[in-house]
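Here is a set of questions for someone meeting this structure for the first time. Take a look, then follow the reasoning from value to label.

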Amino acid sequence: MGDIATVTGLVKRFGDLAAVDGVDFAIREGEVFGLLGPNGAGKTTIISMMSCLIPPTEGDIFIDGASVRKQAIAVKSVLGVVPQEIALYPTLSARENLAFWGRMYGLGGKTLSSAVDEALELAGLADRAKERLEKYSGGMKRRINIAAGILHKPKVLLMDEPTVGIDPQSRNHILETVKDLNAQGMTVLYTSHYMEEVEFLCDRVAIVDHGKIIAQGTLAELRRVVGDADVVRIGVDDAFADETLDAIRALEGVEKAERADSTLEILAADGGAVLADIVSALTAAGEKVHSAEVVEPNLESVFLHLTGKSLRD
Ligand SMILES: Nc1ncnc2c1ncn2[C@@H]1O[C@H](COP(=O)(O)OP(=O)(O)O)[C@@H](O)[C@H]1O
Ligand SMILES: [Mg+2]
């Protein structure tokens with residue numbers, strides 16, 4: 001399949017800050033493409049330029065052949081956007097909110113009401129369609145927000161961290177919805193700082209940090225970035241003292257070590273060989289070890305390998 005979106009030489013400066021600093025990637029028609037990066041990496045700024053909300057400082061983006069600089073109307077007609085901030089009216093019902101958005105997209109009459117029905121079904125909220133949005137949980141609001149983004153059956157859907165801060169049930173529902181939409185032929189750009197979501201959903205991924213793409217490719221290609229290194233994962237207390245990390249980093253055979261919440265991620269050429277030394281060092285420092293395992297590298301390991309820091313920092 002060909003590329004449905006291409007981003008070339010994209011830069012966005014806010015004063016002295018290059019929030020997006022020379023980004024190139026292409027999204028193939030029919031795929032789920034992931035933008036994975038920590039908070040502040042530039043994901044929302046990229047989405048805002050793709051959806052014509054803010055102009056690029058340099059570079060351009062083509063979506064379905066149209067330039068965001070010169071053909072914003074054509075770009076918007078093929079795009080659905082699910083923004084990070086929820087754009088709904090609390091005092092209107094779910095159905096009324098969706099009908100409002102549908103009219104914004106130029107739908108009316110029977111086309112509008114069937115689009116709203118379909119979207120409610122997809123959000124799994126058809127039975128609660130008449131309730132005011134203010135009664136909905138955060139997760140249900142997000143699901144309606146997604147429904148609003150796909151009413152007009154866009155070719156390309158841009159989703160900006162749609163699962164941040166919601167309950168696990170709504171999160172799973174959203175992930176399954178993305179899979180369904182993609183199976184029906186929709187191309188999706190999915191941004192997240194959760195590597196599990198990106199691994200679950202995406203065909204290809206670009207990892208962003210400080211406004212730059214530091215690696216991109218299929219999941220298999222990205223895992224190879226880590227090379228032959230093993231990942232040692234250790235479960236520790238939340239109260240883990242960060243000075244202990246330096247002791248781990250100083251161990252022979254340890255390439256990198258980082259902590260995300262109560263998990264230590266350690267890269268080592270031979271995980272099995274250093275595991276005992278790591279556990280001894282932790283015990284000597286008075287740290288509790290809840291679990292210890294040598295695992296396959298994942299996107300978190302790739303990020304750690306490339307930046308020396310954890311995605312969740
Ligand atoms: N309108 C703005 N004015 C100034 N700085 C901004 C603006 N929008 C974003 N930034 C900065 O640009 C960087 C990237 O932000 P953002 O794109 O929101 O990152 P992400 O979505 O990956 O968390 C951050 O340092 C952020 O503070
Ligand atoms: Mg963001």
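Q: Is D261 buried or exposed, and what makes it count that way?
A: Keep in mind that this is a predicted model. D261 has a relative accessibility of 52%, and exposed means over 50%, so D261 counts as exposed. Its place is in the loop between β12 (254–260) and β13 (263–268).

Q: What is said about the phi of D261?
A: D261 has a positive phi of about 55 degrees, although it is not a glycine. Most residues other than glycine have a negative phi, so that sign deserves a mention.

Q: Which value is given for the phi of H210, and where is that residue found?
A: Phi of H210 is near 45 degrees, again a positive value in a residue other than glycine. H210 sits in the loop between β9 (204–209) and β10 (212–218).

Q: Why is H210 called exposed?
A: The relative accessible area of H210 is 58%. The label needs a value over 50%, so H210 is exposed.

Q: Why is V32 called buried?
A: V32 has a relative accessible area of just 2%, and buried means under 20%, so the label fits. V32 is found in strand β3 (residues 32–36).

Q: Which residues does V32 touch, leaving out those up to four places away in sequence?
A: Its partners are N182, V188, Y190, L201, C202, D203 and R204. As for A281, that residue is 249 residues from V32 along the chain, and their C-alpha atoms are separated by 42 Å.

Q: What makes R143 count as buried?
A: R143 comes in at 11% relative accessibility. That is under 20%, so R143 counts as buried. You'll find R143 in helix α5 (residues 138–149).

Q: Which residues does R143 touch, again not counting those up to four places away in sequence?
A: R143 touches A123, G124, L125, S170, H173 and I174. The C-alpha atoms of R143 and D160 are separated by 13 Å, with the two residues 17 apart along the chain.

Q: Which residues coordinate the magnesium ion (ligand 2)?
A: T44 does, through OG1, and Q84 does, through OE1, at 2.0 to 2.7 Å. T44 lies in helix α1 (residues 43–50) and Q84 in the loop between β6 (79–82) and α3 (94–104), so the pair ties together parts that are 40 residues apart in sequence.

Q: Why is T44 called partly exposed?
A: T44 has a relative accessible area of 32%. Buried needs under 20% and exposed over 50%, so T44 falls in between.

Q: How does Q84 count, and at what relative accessibility?
A: Q84 is at 26%, so it counts as partly exposed.

Q: How many helices and strands does the protein have?
A: There are 11 helices and 14 strands.

Q: What makes the protein as compact as a globular protein of that length?
A: Its radius of gyration is 22 Å, close to the 20 Å that the globule rule gives for 313 residues, so the description holds. The C-alpha atoms fill a box of roughly 70 × 45 × 40 Å along the principal axes.

Q: What percentage of the residues in the protein is buried?
A: Buried residues make up 49% of the 313. On the outside, the protein exposes about 14100 Å², and carbon and sulfur atoms supply 50% of that.

Conventions:
Residues numbered from 1 in each chain as written. Chains lettered and ligands numbered in written order. Predicted model: local features only at pLDDT ≥ 70, side-chain atom pairs only at ≥ 80, totals over all residues. Heavy atoms only, no water. Donors = N, O, S within 2.8 Å, 3.2 Å for Na, K, Ca; no water. Helix = DSSP H or I, 4+ residues; strand = E, 2+ residues; numbered from the N terminus. Buried < 20%, exposed > 50% of the residue type's maximum accessible area, 1.4 Å probe, protein only. Rg over C-alpha atoms; globule rule 2.2 N^0.38 Å. Areas by Shrake-Rupley, 256 points an atom, 1.4 Å probe, with all protein chains shown as cover. Contact = heavy atoms within 4.5 Å.
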